[in-house]
Amino acid sequence: MSTGSGADSAPAPNTHHETHTKEHPGTTGMFSSLKIRNYRLFATGAVVSNTGTWMSRITQDWLVLDLTGSAAAVGITTALQFLPMLLFGLYGGVIADRYPKRTLLLFSQAALGLCGVALAALTLSGHVQVWHVYLIAFLLGMVTVVDNPARQSFVSEMVGPGQLRNAVSLNSANFQSARLIGPAVAGVLITTVGSGWAFMLNGLSFLAPLAGLLLMRQSEMHKVERVPRGKGQLREGLRYVSGRPELIWPIVLVGFVGTFGFNFPIWLSAFADGVFDGGAGLYSLFNILMAAGSLAGALLSARRRSSRLRMLVAAAMAFGLLQITASFSPSLWLFAMLLVPIGMLGLTVNVTANTSVQMATDPVMRGRVMSLYMMVFAGGTPLGAPLLGWVTDTYGARVGFATGGTISLLAGVGVALVLARLGGLRLKLDLRRGHQHVAFVPKAPLRGKDDGVRAKELTTVA
């Protein structure tokens with residue numbers, strides 16, 4: 001599992017400047033949302049299943065590479081897992097807004113566990129073929145269509161608006177903590193008892209989140225209005241996002257970064273196997289180093305109390321630049337060291353965009369908005385993964401990695417220019433002590449009241 005209102009049902013903020021939600025008294029701190037019992041149960045179950053998921057992900061990539069010898073085949077597997085999100089993601093958001101999210105999660109988490117057990121049975125019996133892996137990857141993606149928006153939006157029901165940013169950041173820290181453990185365990189299991197047992201442990205790990213969901217107290221949830229069945233709800237969600245720059249441009253940016261910059265199963269397996277002549281152990285090490293950076297990024301995000309767009313675009317540009325640098329690293333250890341800040345910046349992009357979008361969305365629309373977010377972020381993988389897998393196979397791992405980094409860098413620059421133009425802003429640098437060093441300010445004197453309000457909002461969020 002990973003991320004997701006009366007006095008407890010107050011709508012989330014709808015404007016840029018309102019995303020800087022003040023914490024309730026006594027609830028500040030890096031781990032403040034863990035004081036809430038329901039969220040503790042959620043997080044505990046999530047760290048167990050996330051560990052299993054990372055074990056399975058590493059094992060799956062290595063199994064496909066072992067069966068086919070092709071980085072493009074790894075890309076196809078990744079693409080099939082995310083293809084349902086691209087095709088049906090928006091419908092998943094409608095379902096998440098329409099039905100109780102806890103009930104949806106009970107079904108989806110059980111289904112994810114069954115997929116893991118099925119792949120384990122095929123592998124342990126010695127009958128596994130690459131098309132089996134493709135099929136189960138696609139089935140996992142179908143379940144995720146509903147599971148992802150339900151999980152993302154369920155977070156606000158557990159913790160309320162005052163703790164939402166902290167909880168989203170801790171969800172990411174939870175996921176990245178598991179990413180430190182899962183690949184290491186997977187590497188040991190692959191080389192000792194075989195891939196099948198890694199898949200089996202993943203399937204069984206979903207018993208933990210199921211237990212956590214069953215033990216939650218319904219009376220302590222922050223109630224949110226469910227959307228009744230009706231026509232045009234999908235189009236309503238799209239119209240809602242299209243009229244709000246504070247939603248659409250973070251989503252556009254993470255779409256480019258997710259589609260082209262997050263294809264690490266392809267690149268890291270290719271670097272481990274082809275560039276540095278390592279094996280499953282080296283591939284696991286690369287994933288552990290990225291996870292360490294991502295965990296640090298998540299914990300730093302948990303300390304921040306606001307989500308600013310300048311942080312988002314700066315992190316995206318730095319993320320792409322570091323990928324380009326790492327792609328041409330002449331030594332194994334320099335490449336490995338660069339994976340840590342790459343992981344940190346990638347996580348910062350994800351958490352900052354995720355939190356900004358959730359905090360700027362009304363609760364009744366959150367499922368549909370987050371499904372669009374995940375459709376763009378993860379649903380682009382079926383397009384990006386095979387393309388960059390082909391580039392990696394044809395021109396080498398270094399060119400493939402650099403290509404993803406270049407697109408991420410250009411996307412960050414492009415979104416920054418668009419936001420500045422929309423707000424009539426310019427970048428101001430002030431190196432004096434005690435002053436804000438980087439800020440967006442109006443280019444020209446404000447002519448009217450409307451211009452003043454617009455510039456104030458965009459300046460605040462930037």
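In this predicted model, Asn202 touches Ser49, Gly52, Thr53, Ser56 and Gly116, leaving aside residues up to four places away in sequence. Asn202 belongs to helix 6, which spans residues 195-205. With a relative accessible area of 6%, Asn202 falls under the 20% limit and is therefore buried.

**Two helix pairs**

Ser49, Gly52, Thr53 and Ser56, listed above as contacts of Asn202, also appear on the helix 1 side of the contact between helix 1 and helix 6. The geometry of this pair is tabulated together with that of helix 3 and helix 7.

| Helix pair | Angle between axes | Distance between axes |
|---|---|---|
| Helix 1 (residues 37-68) and helix 6 | about 150 degrees | 8 Å |
| Helix 3 (residues 101-124) and helix 7 (residues 207-215) | about 160 degrees | 9 Å |

An angle of about 150 degrees is over 145 degrees, so helix 1 counts as roughly antiparallel to helix 6. The crossing of helix 1 and helix 6 is left-handed. Helix 1 contributes Val48, Ser49, Gly52, Thr53, Met55, Ser56, Thr59, Gln60 and Leu63 to the contact, and helix 6 contributes Ser195, Ala198, Phe199, Leu201, Asn202 and Ser205. By class, the residues of this contact are 6 nonpolar and 9 polar, with no charged residue.

For helix 3 and helix 7, the angle is likewise over the 145-degree limit, and the two are therefore roughly antiparallel. Helix 3 and helix 7 cross in a left-handed sense. On the helix 3 side, Arg102, Leu105, Leu106, Gln109 and Ala110 take part; they meet Pro209, Leu210, Leu213 and Leu214 of helix 7. This contact of helix 3 with helix 7 consists of 7 nonpolar, 1 polar and 1 charged residues.

**Nonpolar cores**

The largest nonpolar core has 86 residues. Within this core, the residues touching the most other members are Leu253, Phe264, Leu268, Phe286, Phe335, Tyr373 and Phe401. Helix 13 (residues 332-359) supplies the largest share of the core, at 9 residues. Leu253 has contacts with Leu312, Val313, Ala316, Ala411, Gly412 and Val415, again not counting residues up to four places away in sequence.

A second core, separate from the largest one, has 21 residues, among them Ala150, Met158, Leu213 and Met216. Leu213 of this second core is also one of the helix 7 residues that meet helix 3.

Key
Residues numbered from 1 in each chain as written. Predicted model: local features only at pLDDT ≥ 70, side-chain atom pairs only at ≥ 80, totals over all residues. Heavy atoms only, no water. Helix = DSSP H or I, 4+ residues; strand = E, 2+ residues; numbered from the N terminus. Buried < 20%, exposed > 50% of the residue type's maximum accessible area, 1.4 Å probe, protein only. Contact = heavy atoms within 4.5 Å. Core = buried A, V, L, I, M, F, W, Y, C linked by side-chain atoms within 4.5 Å. Axes fitted to C-alpha atoms, helices over the stretch in contact; angles between N-to-C directions. Parallel < 35°, antiparallel > 145°, perpendicular 65-115°, else oblique. Left-handed = near helix turned anticlockwise from the far one by under 90°. Nonpolar A, V, L, I, M, F, W, Y, C, P; charged D, E, K, R; others polar.
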